[in-house]
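Work through the exercises below with the model open. Try each task before reading its solution.

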Amino acid sequence: MNRFCNDTGVGIVNWSPLFAGRLARPVGYLESMRSHRPTPHDNGLMEADEEIVKRVEELAGNREWKMSQVALAWFKNKGTIPIVGFNSIGRMEEACEVRGKQLTAEEVKYLEEPYGPKNVAGHI
């Protein structure tokens, strides 16, 4: 889909680029009430998702970045525009620090390697 959109000039907007906050903190860490509730747009955390979150955490440690910055740099690399809901000025500042941060092609490949297609969620 991304390739088609890029080839035809259709803009792409990522909804929930931090995967409901899961790409911003280690697997199993729940910070907010929202994190505890299922949503109609969420199929739940699959094994591949957990591996991707662990890899985001690993790259964040290697780069000395926040996990959210690795995730946002990943989306930026794809040429998409993420919609991020900030619950504090600190979170907004953290996202703004992504400016100038880039992942290598190898790092992007490493993040995407475990990914597998998911069933559609939130639609009938």
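## Exercise 1: a surface patch

Phe4 is found in helix α1 (residues 2-8); helices are DSSP runs of H or I with at least four residues, strands are E runs of at least two, and both are numbered from the N terminus. This is a predicted model, in which local features need pLDDT of at least 70, side-chain atom pairs count only at pLDDT 80 or more, and totals for chains, interfaces and linings use all residues. Residues are numbered from 1 along each chain as its sequence is written, and side-chain values use heavy atoms, without hydrogens and water.

Task: Is Phe4 buried or exposed? Which residues form a nonpolar patch with Phe4?

Solution.
- Step 1. Apply the cut-offs: buried is under 20% relative accessible area, exposed over 50%, partly exposed in between (1.4 Å probe, protein chains only).
- Step 2. Phe4 has a relative accessible area of 53%, so Phe4 is exposed.
- Step 3. Met1 and Val10 join Phe4 in the patch, with about 370 Å² of accessible area together. Areas are Shrake-Rupley values with a 1.4 Å probe; for residues, only the protein chains shown count as cover. Patch members have over 30% relative accessible area and no salt bridge; nonpolar side chains (Val, Leu, Ile, Met, Phe, Trp, Tyr) are joined within 5 Å, like charges within 9 Å.

## Exercise 2: a loop residue

Task: Where does Val27 lie, and which residues is Val27 in contact with?

Solution.
- Step 1. Val27 sits in the loop between β1 (13-15) and α2 (33-36).
- Step 2. Its relative accessibility is 31%, so Val27 is partly exposed.
- Step 3. Beyond neighbours within four places in sequence, Val27 contacts Glu50, Val53 and Lys54. Contact means heavy atoms within 4.5 Å.

## Exercise 3: helix α4

Task: How many residues of α4 (residues 67-77) are buried?

Solution.
- Step 1. List the buried residues: Met67, Ser68, Gln69, Val70, Ala71, Leu72, Ala73, Trp74 and Phe75.
- Step 2. That is nine of the eleven, so the helix is largely enclosed by the rest of the structure.
- Step 3. Move past the helix end: just after α4, Gly79 has a positive phi of about 75°.

## Exercise 4: a buried lysine

Task: Which side chain of opposite charge is nearest to Lys101?

Solution.
- Step 1. Locate Lys101 in the loop between α5 (89-96) and α6 (105-112).
- Step 2. Assign charges: Lys and Arg are positive, Asp and Glu negative; His and the chain ends are not counted.
- Step 3. The nearest is Glu97, 5.4 Å away. Lys101 is buried and has no salt bridge (a Lys or Arg side-chain nitrogen within 4 Å of an Asp or Glu carboxyl oxygen).
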